Amino acid sequence: MGLEPSEFREAAHCMIDKIIDYHEGLKSGGHPIPAVEPGFMKERLPSAGPENKELWQTVFDDVENVVLDGSVHWLSSNNYGFFPTGISYPSILADILCSSTANVGLTWATSPSCTELETNMMDWLAKAINLPDCFLHNGKGPGGGVIQGSASEAILMTLLAARSKVMQKELSRDPKQSIHEITSRMVAYASKCSHSCVERTSQVALVPIRLLDVDENISIRGSVLQKAIEEDRRQRKIPVFVCATLGATVSCTYDNLMEMGPICEKEQIWLHVDAAYAGSALLCPEHRYIAHGLQHVTSFNFSPNKWMMVNLDCSALWVRNSLDMENSLNVNPVYFQHKKQSNTIDYRVSFYRFQHWQVSLGRRFRSIKAKLWFVMRMIGLEGLRHHVRKGVGQAKLFEELVRSDNRFQVLFPVTLGLVCFRLCFPHATLEKINDLNLKLREEIEKDRQYVLTPSTVNEVYFLRFSAGMNFCNEESVRRCWEHVQEKSDLVLKSKI
Ligand SMILES: *Cc1c(COP(=O)(O)O)cnc(C)c1O
């Protein structure tokens with residue numbers, strides 16, 4: 001096993017001590033962005049791996065210099081960039097456990113608890129965020145959930161399933177059509193403000209995507225979707241898939257499911273909802289209004305590895321009808337066949353066929369299942385709600401601070417943990433204002449002390465403040481705001 005058991009015990013204890021010290025150090029902020037240039041590591045490493053083993057102590061000694069010194073410290077209380085990334089001690093413990101079993105969850109038979117922990121965790125999670133019952137693996141219907149490695153994979157899986165469903169329908173209508181011809185007529189829809197992975201998914205699945213305009217709330221409206229579908233149908237295109245976003249990455253805004261849902265039902269188009277970030281907020285009853293209309297959707301994904309204290313990777317995907325997934329990716333070679341495959345209970349759907357719900361076959365005990373199990377049990381749903389509420393509270397505080405300084409503007413309603421803001425200048429052109437904010441961002445970046453990610457919507461450039469990392473608190477939020485103000489003073493002075 002590489003190390004003697006006694007050495008492993010000692011090294012593991014030492015690693016845990018190092019982790020705790022590292023985390024404690026990050027609570028005070030510091031510089032989350034490393035001062036390294038591309039290629040820095042080449043100088044710090046030998047040009048090839050060692051022929052003979054080195055002591056674990058020697059390797060650990062290099063962790064600081066080689067790895068941490070060139071890492072972005074995402075856990076720093078000065079990190080308000082992107083969206084939060086999930087971490088917790090229960091999740092780390094589960095990762096250790098999963099690595100230790102070296103299970104490969106190919107099918108139910110290659111490790112029964114691997115599959116069954118997943119189906120059960122997906123039901124726990126679905127109930128925790130109050131998903132409609134049709135998404136549960138309760139044996140009553142064909143719905144259920146599966147864990148994917150990322151939101152991108154979840155969206156890809158649903159698009160492939162939607163494509164395959166339409167293909168079968170077209171071929172049964174007229175078997176003489178060519179598959180190529182049908183594929184070339186397919187089209188999918190998403191908002192201009194959806195995550196870039198939706199566009200990339202469409203490239204992988206060979207279904208061109210039409211990016212729809214949004215209204216002043218950055219939502220796709222029913223009328224816009226309806227018009228696009230009608231235009232496309234007139235040109236003999238086949239609408240296949242709509243991806244709505246709840247909690248857009250750029251702005252944390254929401255597409256209008258109440259309007260889009262009935263249209264997709266009437267037109268028989270797969271409606272997927274990407275709530276990678278905002279999904280965690282559904283743990284809290286007070287935030288569930290953002291998911292109005294979920295009863296109309298065909299599938300739904302959210303990533304506990306963002307805001308639910310589960311380490312990467314863990315993206316939950318539920319579908320209303322799992323047969324759609326299976327028909328799209330069903331292969332059954334003899335080496336994966338086993339006796340329980342033909343179990344007559346409805347569970348069969350989720351147990352045997354789970355292998356068809358994802359691109360990868362081999363999955364580690366997929367730590368993810370145990371991660372969810374440990375996290376939900378050791379933190380509790382109430383503890384997870386507290387984590388979400390803490391992030392929302394910090395965003396509200398930051399919003400208040402921004403609004404109290406009339407040089408700034410808050411751009412979209414602050415509903416969860418994201419505040420989009422920019423410096424404003426009376427009577428200036430959009431170009432000038434964008435330029436000013438670009439400079440502000442450069443000043444902040446140059447300093448390496450705070451991470452704020454910039455973004456644009458409708459050509460407007462702004463900064464995003466994203467709360468929700470574990471070690472951030474009111475005080476660190478106030479310090480961040482003071483930093484933004486200082487840098488703004490600088491930028492405005494040099495401008496005048
Ligand atoms: C983060 C995010 C994604 C991408 O997630 P990956 O897991 O990195 O693929 C997609 N959609 C939304 C709304 C996101 O916030």
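How many residues apart are Arg441 and Glu445 in helix α15? They are four residues apart, which puts about one helical turn between them. This report returns to that pair below. The model is predicted.

**Three domains**

The domain assignment divides the protein into domain 1 (5–30 + 34–71), domain 2 (100–378) and domain 3 (381–495). Take domain 1 and domain 3. Their C-alpha centres lie 33 Å apart. Seven residues of domain 1 are in contact with four residues of domain 3.

The size of an interface is often given as the accessible area lost when the parts come together. Between domain 1 and domain 3, about 450 Å² is buried. Carbon and sulfur atoms give 57% of that area. On the domain 1 side, Lys27, Gly30 and Ala35 lose the most area to domain 3. Together these three residues account for 59% of what that side buries. How many salt bridges join domain 1 and domain 3? The count is zero.

**The sheet**

Strands of a sheet pair through backbone hydrogen bonds, either parallel or antiparallel. Here, an open sheet has seven strands with mixed pairing. The strand order is β1-β7-β6-β5-β4-β2-β3. Strands β1 (144–148) and β3 stand at the edges. Each has a single partner strand, so one side of each is left without a neighbour in the sheet. On average, neighbouring strands are turned by 20° against each other, direction ignored.

Start at the β1 edge. β1 and β7 pair in the antiparallel sense, over five bridges. Within this part, Ile147 stands opposite Ala316 in β7. Next, β7 (residues 315–319) and β6 pair in the antiparallel sense over four bridges. Phe300 has Trp318 in β7 as its bridge partner. Then the sense changes over to parallel: β5 (residues 270–274) and β6 pair that way over three bridges. Asp274 has Asn301 in β6 as its bridge partner.

Which way do the side chains of β6 point? In a regular strand the side chains alternate between the two faces of the sheet. In β6 (residues 299–302), Ser299 and Asn301 point one way. Phe300 and Phe302 point the other way. All four of these residues are buried.

**Helices on the sheet**

Helix α5 (residues 112–128) packs on the sheet and touches β1, β6 and β7. The direction of α5 makes about 85° with that of β7. Helix α6 (residues 151–173) lies across β1, β2 (186–191), β4 (238–245), β5, β6 and β7. Relative to β4, helix α6 runs at about 155°.

**Salt bridges**

The structure holds 24 salt bridges. Among them are the three pairs in this table.

| Pair | Closest N and O atoms |
|---|---|
| Arg221 and Glu259 | 2.8 Å |
| Arg441 and Glu445 | 3.2 Å |
| Lys487 and Asp447 | 3.2 Å |

Look first at Arg221 and Glu259, which form a salt bridge. Arg221 lies in the loop between β3 (209–212) and α9 (222–234), and Glu259 lies in helix α10 (residues 257–267), so the pair ties together parts that are 38 residues apart in sequence. Arg221 is partly exposed, with a relative accessible area of 30%. Glu259 is also partly exposed, at 27%.

Now return to the opening pair. Arg441 and Glu445 both sit in helix α15 (residues 430–447). Their side chains meet in a salt bridge. Arg441 counts as partly exposed, at 22% relative accessibility. Glu445 is partly exposed too, at 42%.

The third salt bridge joins Lys487 to Asp447. Lys487 lies in helix α16 (residues 474–495) and Asp447 in helix α15, so this pair ties together parts that are 40 residues apart in sequence. Is Lys487 buried or exposed? At 12% relative accessibility, Lys487 counts as buried. Its partner Asp447 is partly exposed, with a relative accessible area of 27%.

Salt bridges can also join into a network here. Arg210, Lys227, Glu231 and Asp232 are linked in this way.

Definitions and conventions
Residues numbered from 1 in each chain as written. Predicted model: local features only at pLDDT ≥ 70, side-chain atom pairs only at ≥ 80, totals over all residues. Heavy atoms only, no water. Buried < 20%, exposed > 50% of the residue type's maximum accessible area, 1.4 Å probe, protein only. Helix = DSSP H or I, 4+ residues; strand = E, 2+ residues; numbered from the N terminus. Pairing = 2+ DSSP bridges. Salt bridge = Lys/Arg side-chain N within 4 Å of Asp/Glu carboxyl O. Axes fitted to C-alpha atoms, helices over the stretch in contact; angles between N-to-C directions. Contact = heavy atoms within 4.5 Å. Domains from an automatic or database assignment. Buried area = accessible area lost by both parts, 1.4 Å probe.
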